[in-house]
Amino acid sequence: MKIAGRSGHNPLASGADGLVNETTEDRKIFLSSKKYLEKYNTFIDCYPNNMVGISTELMWGINKANNNGAELFYSVHLNKAYTSYNGAIGAEIWLHPIAKQETKSRATAILKNLQTLGFINRGIKYSSELAELNSTTMEAMIIECFFCEATKDVELYNKHGSDKIGLAIANGIDNKINIENENNEVDIMKKIVLYVGDMDAMAGLYVAQKNQCPMMKKSDFESNKFKAETIITIGGKSGSNRYTSLKDAAALV
Ligand SMILES: [Zn+2]
């Protein structure tokens with residue numbers, strides 16, 4: 001699918017300010033959603049970077065989506081209704097009244113994912129007044145992830161982080177993106193030292209410092225399913241003790 005997306009607003013035409021700043025945080029969430037979506041789709045990034053003028057920058061994004069023949073457009077925002085709010089308000093998605101069933105299903109899926117993360121599901125809202133809905137030539141949705149002034153919403157956001165919210169959006173748009181698999185994806189380290197028993201830790205530290213790489217206990221490394229290109233294992237030989245471990249370590253560096 002050809003997907004066009006952007007985060008709402010930009011530093012020169014900024015959005016809402018609450019306990020967190022909309023322009024800063026919706027950008028992080030959007031970039032996460034993009035990272036997942038572009039694995040399986042053609043992605044058109046409609047973020048204008050630094051551009052003055054609320055309607056100018058809004059139209060720039062809309063025109064880019066239109067000119068590139070995207071099939072779906074989405075923008076990521078944070079909501080705000082009050083100066084301050086003690087509690088939870090939640091997530092909502094805005095669609096045009098003539099949105100296709102397919103788009104409603106995607107919006108419902110995103111909201112369900114956000115609900116799973118603990119956000120109140122405020123459901124789909126309809127408007128024909130919003131530029132991103134009435135000036136885009138393709139199916140479009142405006143995702144209001146949560147309210148930036150609501151204490152409980154921001155608490156949930158800080159707990160999960162922008163990447164999980166972005167993944168919730170990406171999966172709702174394209175269910176080829178599997179939430180569980182992506183959550184389990186770990187970065188592969190270049191090099192790590194693993195020590196087998198606690199008595200091998202000192203020798204491991206010595207080797208790790210020489211190699212300028214991290215060190216951890218072998219069993220922890222394995223239970224976390226971490227991966228590394230080069231693994232240096234210290235200890236674990238039968239009959240070894242902290243002195244033979246150190247001697248082996250000295251031979252390694
Ligand atoms: Zn906004």
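The following is a conversation about a predicted model, covering its sheet, its zinc site and a pair of helices.

Colleague: To begin with the sheet, what is the order of the strands?

Modeller: The sheet is open and has six strands, arranged in the order S2-S1-S3-S6-S4-S5 with mixed pairing.

Colleague: Which strands stand at the edges?

Modeller: Those are S2, residues 42–45, and S5, residues 121–126. Each has a single partner strand, so one side of each is left without a neighbour in the sheet. From one strand to the next, the twist averages 20°.

Colleague: How many bridges join S4 to S5, and do they run parallel or antiparallel?

Modeller: Strand S4, residues 91–95, is joined to S5 by four bridges, and the two run parallel. Within this part of the sheet, Trp94 stands opposite Lys125 in S5.

Colleague: Which strands does helix H1 touch?

Modeller: Helix H1, residues 22–37, packs on the sheet and touches S1 (2–7), S2, S3 (72–79) and S6 (139–147). The direction of H1 makes about 145° with that of S3. Helix H6, residues 162–173, also packs on the sheet, where it touches S1, S3 and S6. The direction of H6 makes about 150° with that of S3.

Colleague: Turning to the metal, which residues are the protein donors of the zinc ion?

Modeller: They are His9 through NE2, Glu22 through OE and His77 through ND1, at 2.0 to 2.2 Å from the ion. Their spacing in sequence is H-x12-E-x54-H.

Colleague: Where do His9 and Glu22 lie?

Modeller: His9 is in the loop between S1 and H1, whereas Glu22 is in helix H1. The pair therefore ties together parts that are 13 residues apart in sequence.

Colleague: Is Glu22 buried or exposed?

Modeller: Glu22 counts as buried, because its relative accessibility is 3% and the cut-off for buried is under 20%. His9 has 22% relative accessibility and so counts as partly exposed.

Colleague: A different topic: how do the axes of H3 and H6 cross?

Modeller: The axes of H3, residues 101–116, and H6 come within 7 Å and cross at roughly 150°. Angles over 145 degrees count as roughly antiparallel, so H3 and H6 are roughly antiparallel to each other. Their crossing is right-handed.

Colleague: And which residues in H3 meet H6?

Modeller: From H3 they are Arg106, Ala109, Ile110, Asn113 and Leu114. In H6 they meet Ile165, Ala168, Ile169, Asn171, Gly172 and Ile173.

Technical notes: Residues numbered from 1 in each chain as written. Predicted model: local features only at pLDDT ≥ 70, side-chain atom pairs only at ≥ 80, totals over all residues. Heavy atoms only, no water. Pairing = 2+ DSSP bridges. Axes fitted to C-alpha atoms, helices over the stretch in contact; angles between N-to-C directions. Contact = heavy atoms within 4.5 Å. Donors = N, O, S within 2.8 Å, 3.2 Å for Na, K, Ca; no water. Buried < 20%, exposed > 50% of the residue type's maximum accessible area, 1.4 Å probe, protein only. Parallel < 35°, antiparallel > 145°, perpendicular 65-115°, else oblique. Left-handed = near helix turned anticlockwise from the far one by under 90°.
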